[in-house]
Amino acid sequence: VPISNFDCSAGCNKPKDWDRLLFALCFFHANVQERRKFGPLGWNIPYEFNDSDLHISMRQIRMFLDEYDETPFDALRYLIGECNYGGRVTDDHDRRLLNAILSIYINIRVTEETKYPFTDGEEYYVPDCSNQEHFLQYIRQLPMLAKPNVFGLHGNADISKDNQETLNLFTNILLTLPAQSSTGAVSAEESVCNLARTILDQLPPQFDLLAVNEKFPILYEDSMNTCLRQEVIRYNRLTIVVKNSLENLMKAVKGLVVMNSELEEVFYCLNIGKVPASWLNSSYPSLKPLGSYIADLVQRLDGFYTWINSGSAPVVFWISGFYFTQSFLTAASQNYARKYKIPIDLLGFEFEVVDTEEGVAVRPEDGVLVNGLFLEGCRWSSTDWVLSESKSKVLYSKLPILWLKPGRRSDFVKKATYTCPIYKTSARRGTLSTTGHSTNYVMSVELPTTQPPIHWITRGVALLCQLDD
């Protein structure tokens, strides 16, 4: 029966429950559709939910109301969240979010409570209406512009959305510019060549793989040596691509080599401050502009040079500096597994945020200390030592040093925590690489909270290894 039909509740065994659940379902449908405008904060992947999802869910609610004395809400949530809407969802964390949102709108309180609230405020609730016209009157008096709290998001989500829209606007404006333009007395060719020389001067020399292999041999009891050796190989490949393209570009500008399509793309990207696609194909994931990308790359290379020159692994690892973060996590697990003779597939990590007021000078007996993570959607309270609401207009906050403690998963004690995913970039979405790992998702960590996990799930809270600036 069409929702717009005034007689859509006719013949239902529980007309009042039907009206309230139908209103809640429509509100849920609008919520999951509108969350897309918030980008990765809303959904990791924007899904095309449509009216067919709404209509089949509506028919299932009607059928369950007619055929059961007590409405089986668990079965309803499974059908709607896992089959109807969930059938389109491919990301595990998006599926978790979808079911969290659905649990707010489809539950027994919707049918039993007067003015059951959908949000913390008093504007959005299930009205106690007797007919469709009364529902429409309530809908007409709702605010024209919905605030982020309707979607379970923090008020800062509007700032993130506006920033992304502005970035997309300027990106599209740049696409309309000519490929070559001059700035004052300096031609585009001179400007790009000067920039290329500056980048080449900033990049350190290639890692000496033979010296690294000799200084850090493969040891059964220390898998970090293997991780380091793999990392310097990956960074050598990247820096070779960057250096070769810059050197060939300068030769092409002088007419010494042919300016092919790849070099033209590098020229154009350097001219507008964008990282060339040929670099990103050999690079770790990054959304930074050219200047920030080079500064970040140099900082990563300097970090590994410090590790190599010191002759031992750092006390605190900069987790954002690893090209392939999963190899570092595997090395940490392997060291523990080999030390205590435990099969690695039985291990997991426990997590503890470390108080760093007195500094960290000693390496832990087991596990690793990491830093360089940023919270999006909330902040870390240094007084209560739990997750807390973000401050107004502060989009990201730094997480203190995190201790990753390996151990048997069967021995872990369940605590009041939020399972927070870690992503390499703010885009969050990634693809499966040939290793079986996502190109963006790293792992999930358990962070203490006094709020129920659903609060942070709908907030879109995640940890990022790097920011976009």
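Is R62 buried or exposed? R62 is buried, with a relative accessible area of 17%, which falls under the 20% limit for that class. The model in which this arginine sits is a predicted one, and the protein comprises 469 residues, of which 46% count as buried. The points below move from the overall fold to two buried polar residues, then to salt bridges and a nonpolar patch on the surface.

**Overall architecture**

- The protein has 15 helices and eleven strands, and its C-alpha trace spans about 80 × 65 × 40 Å along the principal axes.
- When contacts between residues at least 6 apart in sequence are considered, 70% of them join residues at least 24 apart.
- About 23800 Å² of the protein is exposed, and carbon and sulfur atoms supply 54% of that area.

**K14, a buried lysine**

- K14 is placed in the segment before helix 1, which covers residues 15-34.
- Although K14 is buried, it has no salt bridge, and the nearest side chain of opposite charge, that of D17, is 5.2 Å away, whereas a salt bridge requires the nitrogen and oxygen to be within 4 Å.
- A polar atom of the K14 side chain does, however, lie 2.8 Å from the backbone oxygen of Y68.
- With residues up to four places away in sequence left out, K14 touches L65, Y68, D69, E70 and T71, so that Y68 appears both as a contact and as the residue whose backbone oxygen faces the lysine side chain at 2.8 Å.**N44, a buried asparagine**

- N44 lies in the loop between helix 1 and helix 2, the latter covering residues 51-67.
- N44 counts as buried because its relative accessible area is 6%, a value under the 20% cut-off.
- The side chains of N44 and Y423 make a polar contact at 2.9 Å.
- Beyond its neighbours within four places in sequence, N44 is in contact with D91, H93, D94, Y423, A427, R428 and R429.

**Salt bridges**

- The structure holds 17 salt bridges, and the pairs described here are among them.
- R62 and D66 form a salt bridge in which the closest N and O atoms are 3.3 Å apart; the two residues are four residues apart in helix 2, which means that about one helical turn separates them.
- Within this pair, R62 is buried at 17% relative accessible area, while D66 counts as partly exposed at 29% relative accessibility.
- R77 and D74 form a salt bridge with their closest N and O atoms 2.5 Å apart, and both residues lie in helix 3 (residues 73-84), three residues apart, about one turn of the helix.
- D74 counts as exposed, because its relative accessibility is 59%.
- Elsewhere, K339, E365 and D366 are joined into one network by salt bridges that share partners.
- The side chains of E34 and K37 also meet in a salt bridge, at 3.9 Å from N to O, and both partners count as partly exposed, E34 at 40% relative accessibility and K37 at 37%.

**Nonpolar surface patch**

- L169, F170 and I173 make a nonpolar surface patch of about 300 Å².
- One of these residues, F170, is placed in helix 7, which covers residues 157-175.

Key
Residues numbered from 1 in each chain as written. Heavy atoms only, no water. Buried < 20%, exposed > 50% of the residue type's maximum accessible area, 1.4 Å probe, protein only. Lys, Arg positive; Asp, Glu negative; His and termini not counted. Polar contact = N/O pair within 3.5 Å; in protein donor to acceptor, adjacent residues only side chain to side chain. Contact = heavy atoms within 4.5 Å. Patch = residues over 30% accessible without salt bridge, like charges linked within 9 Å, V, L, I, M, F, W, Y side chains within 5 Å. Areas by Shrake-Rupley, 256 points an atom, 1.4 Å probe, with all protein chains shown as cover.
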